[in-house]
Each structure stands twice: as C-alpha cells, then as structure tokens.
Amino acid sequence: MQLRTVGSAFVGTGIVGEMHGRAINRNPTSRLVGVFDRDESKAAAAAAKFGGRVYAGLDDLLADPDVELVHVLTPLVSHLETALKALEAGKHVLIEKPVAQEIGDLETLQQTAAKADRLCMPAHNYIYTPSIQRAKRLIDDGSLGEICGFWMFFNIYHSEEIAARYGSVLRETCIHHVYSMLHLLGRPVNVTAMKSYIHYEKLEVEDQASIMCQMPNGAIANLWCSFAANDPTTDPWSVLYKVLGTNGGICYSWNEAQYEDNRGPAWGLPCYEDGFAGEVEYMVNRCILGDQGPLSTLDDAIDALKIVQTAEHAVASGRGALEVEY
Ligand SMILES: NC(=O)c1ccc[n+]([C@@H]2O[C@H](COP(=O)([O-])OP(=O)(O)OC[C@H]3O[C@@H](n4cnc5c(N)ncnc54)[C@H](O)[C@@H]3O)[C@@H](O)[C@H]2O)c1
C-alpha cells in the first residue's frame with residue numbers, strides 16, 4: 001500500500017532550513033515540494049540537497065496545490081506576514097520560534113488559523129525528542145514524586161556574525177527554555193532574570209541570560225543561556241535538562257551523541273536534529289494525517305512570550321521577582 005505523503009514547502013533556506021530539510025528526509029510521509037528564499041542561490045542549494053523545485057516568489061509557492069504545509073523559516077520580522085498569507089491560502093503552517101514579537105500577533109495567527117480551519121504549529125522543536133517525552137511521562141505519572149527543581153542549560157558559542165541574525169538571547173533563545181518548562185512543569189507564578197554582555201563588540205544585545213521561575217508548589221526553575229561560551233570541561237554539555245523530584249529525577253543532555261559538523265551551530269549534535277525530526281513527524285503524522293493537536297500550541301507560545309516579557313521587565317526594573325499576568 002502506498003503511503004499518503006504531505007507536501008511541504010520552505011520559505012527561507014538558511015541555517016535552520018538545513019534541520020528542516022534533514023527532518024523531511026527522515027519522515028517517510030513527508031516530501032519537500034519546493035523552496036523559496038529571497039536569496040535564490042540559497043534556495044537552489046537547498047532544493048538540490050533536499051529535493052523539490054525553486055519558486056520565484058511566495059505567491060508562486062502558495063499557488064502550488066501540491067503544497068499542504070508551509071515551513072516559515074525566515075527571520076522573526078517576516079514570520080507573521082508569511083504565516084498569515086499561507087493560512088489564508090489554505091496551507092497548514094509550521095512556524096519557527098520565536099513565533100512573533102507581540103501577543104496580539106499570536107492571537108491574530110490563532111484567529112486566522114481557526115477561520116481557515118488549518119493548523120498553525122509553533123516550531124518548539126526541543127520538546128519533540130524521546131527523552132523529553134519520557135521526562136514528561138515520569139513527571140505526569142508521579143514517578144518522580146513532587147517536583148522540586150528544573151534546570152535547563154544552553155552553552156553554545158555563537159560568533160557575533162551568526163548571533164546578529166538572532167538578536168536578544170533572552171527573547172530569541174530562552175524561548176526554548178520557557179516552552180520546555182511550560183511543557184514539563186506548567187505555568188510559573190513568579191519570574192526574575194538577569195542578563196550580561198560578554199563578547200559582542202558591535203551587537204547591543206546580551207549574549208547571556210538567566211531566568212528563575214517559581215512554580216505554584218514552590219518548585220524553582222533555573223533557565224540559563226549563553227552564546228558567549230561553549231563548555232569544554234570534563235562533563236561538557238551544550239544543552240542539558242535536569243528535573244529533580246522528591247522521589248527521583250531525570251537528566252538529559254545533547255552530549256549523548258556528537259560528530260564534527262561545524263557548518264552551522266549544533267549541526268553535529270544528533271539530539272538537536274532529532275527534535276526537528278520529531279516535530280515534523282508529529283505534525284505530519286499525528287496532526288495533519290491524524291487528529292491530534294501539537295505538544296506545544298500557539299496558546300503555549302502566548303504564555304512563553306508573556307514569561308519572557310515578564311523577565312524583560314524584571315531586568316529593566318531591577319525589582320526582583322515579578323508576578324506573571326496571564
Ligand atoms: N528552532 C531552532 O532550534 C532554531 C535554530 C536556529 C534558528 N531558528 C529560527 O529560525 C528562523 C531563521 O533563522 P536562521 O538561522 O535560519 O536564519 P538565516 O539568516 O540563516 O536564514 C534565513 C533565510 O531567510 C531568507 N529570508 C529572509 N527574509 C525572507 C523573506 N521575507 N522571504 C523569503 N526568504 C527570506 C534569507 O535570505 C535567509 O536565507 C529564526 O526565526 C530563528 O530564530 C530556530
């Protein structure tokens with residue numbers, strides 16, 4: 001029996017496009033129909049590597065009936081406009097993090113997706129790995145007892161040139177920490193944060209940030225992100241999750257497997273790649289071809305942005321922990 005496949009198209013074929021390309025190639029029910037990038041040479045290189053055609057523009061891509069799912073892989077500034085056009089054209093949308101700059105933009109996406117009866121799923125890739133899903137199960141079924149603490153560390157050096165594509169570490173990268181915390185532990189009550197400026201010379205944004213959150217039961221979440229330093233010590237970790245409860249804990253690190261691939265940040269870390277593969281497989285197989293909802297939704301993206309905004313206010317006010325207004 002022939003599998004029904006879902007045709008995907010990419011808007012944007014930069015660093016993260018590589019991971020989406022690998023994810024499509026790993027999922028038997030996905031196929032890359034085509035790509036559009038305003039830099040045509042990048043689009044041509046992605047199509048040559050992962051398959052599909054090169055579109056002349058976004059309208060051309062959206063007019064293709066073979067495209068069911070649009071991956072929005074451009075920088076944040078064009079996420080909203082691209083995703084709205086795709087939804088209005090009747091396509092499902094997988095949209096990179098951070099999904100949008102403002103809560104109102106996320107609500108507009110929700111309303112447009114509902115009206116079009118299409119799925120708009122945030123690309124919250126880190127949680128779509130088997131290890132995080134095992135952690136979620138052990139937390140939810142009570143095996144770990146009452147949760148006391150959560151740690152998520154991210155130490156991946158980014159050159160100023162690459163970091164310039166992303167901007168604020170707190171807003172752009174800590175969003176991974178925050179949606180992971182929301183997925184595993186739920187909503188925090190209070191948030192405080194600190195950020196620092198270590199190695200950028202031209203960029204006027206922080207390259208390190210630390211957020212602390214308190215959960216309703218008193219558990220404390222510690223979220224750390226650095227673009228300033230790798231960790232080369234005897235127990236190195238690029239990205240590490242730890243959850244401790246009164247009855248046990250879990251520890252999961254991307255150091256499980258590594259190989260040399262320095263063409264993009266974390267490209268040689270299979271756990272990173274697995275998150276994208278899990279996300280694409282989940283969206284295509286369980287959501288589009290099945291009847292399930294995403295593990296992390298636009299509602300979670302709204303909560304995550306509110307938590308990051310509260311952290312920004314805590315930094316700006318210097319007043320310690322602030323209550324999150326959901
Ligand atoms: N989920 C993750 O782990 C992860 C990792 C890296 C980046 N990201 C996110 O992915 C997005 C893209 O990041 P990146 O590192 O791939 O950036 P990038 O700069 O490497 O690539 C972006 C590409 O989009 C193209 N582009 C820009 N505007 C466009 C437009 N309006 N229409 C068509 N093409 C356009 C550019 O030419 C470029 O090729 C960002 O939102 C970033 O935060 C997510």
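Reader: How far apart do the C-alpha centres of domain 1 and domain 2 lie?

Author: In this predicted model, the C-alpha centres of the two domains lie 26 Å apart. The domain assignment gives 6-123 as domain 1 and 127-276 + 305-323 as domain 2.

Reader: What makes residues of domain 1 and domain 2 count as in contact?

Author: Their C-beta atoms, placed from the backbone, must lie within 7 Å. On that basis 11 residues of domain 1 are in contact with 11 residues of domain 2.

Reader: Which elements give two or more residues to the side of domain 1 that touches domain 2?

Author: These are α1 and α5 (103-116). The most comes from α1, with 6 residues. By class, this side of domain 1 has 7 nonpolar, 1 polar and 3 charged residues.

Reader: Why is the ligand said to lie between the domains?

Author: Both domain 1 (6-123) and domain 2 (127-276 + 305-323) give residues to the shell around the ligand, so the ligand lies between them. Helix α1 (residues 15-26) provides the largest share of that shell, 3 residues.

Reader: Which residues come nearest to the ligand?

Author: Gly12, Gly14, Ile15, Val16 and Glu96 do, of the 24 residues around the ligand. The shell divides into 9 nonpolar, 7 polar and 8 charged residues.

Reader: What makes α1 roughly parallel to α2?

Author: The axes of α1 and helix α2 (residues 40-50) come within 10 Å and cross at roughly 20°. Angles under 35 degrees count as roughly parallel, and therefore α1 is called roughly parallel to α2. Their crossing is right-handed.

Reader: Which residues make the contact of α1 and α2?

Author: On α1 they are Gly17, Gly21, Ile24 and Asn25, and on α2 they are Ala46, Lys49 and Phe50. This contact has 3 nonpolar, 3 polar and 1 charged residues.

Reader: Why is Gly17 counted among the polar residues there?

Author: Gly17 belongs to the α1 side of the contact, and the classification puts Gly with the polar residues.

Reader: How do you know that α5 is roughly antiparallel to α11?

Author: α5 and helix α11 (residues 298-317) pack at an angle of about 180°, with their axes 10 Å apart. Angles over 145 degrees count as roughly antiparallel, so the pair is described that way.

Reader: Which residues of α5 and α11 meet?

Author: Ile103, Leu106, Leu109 and Gln110 in α5 meet Leu298, Ala301, Ile302, Leu305 and Lys306 in α11. By class, the contact of α5 with α11 has 7 nonpolar, 1 polar and 1 charged residues.

Definitions and conventions:
Residues are numbered from 1 along each chain as its sequence is written. This is a predicted model: local features need pLDDT of at least 70, side-chain atom pairs count only at pLDDT 80 or more; totals for chains, interfaces and linings use all residues. A residue is near a molecule or strand if its C-beta atom, placed from the backbone, lies within 6 Å of it. Helices (H or I, at least four residues) and strands (E, at least two) are DSSP runs, numbered from the N terminus. Domain bounds come from an automatic or database domain assignment. Axes are lines fitted to C-alpha atoms, for helices over the stretch in contact, and angles run from 0 to 180 degrees between N-to-C directions. Angles under 35 degrees count as roughly parallel, over 145 as roughly antiparallel, 65 to 115 as roughly perpendicular and the rest as oblique. A crossing is left-handed if the near helix is turned anticlockwise from the far one by less than a right angle, and right-handed if clockwise. Two residues are in contact if their C-beta atoms, placed from the backbone, lie within 7 Å.
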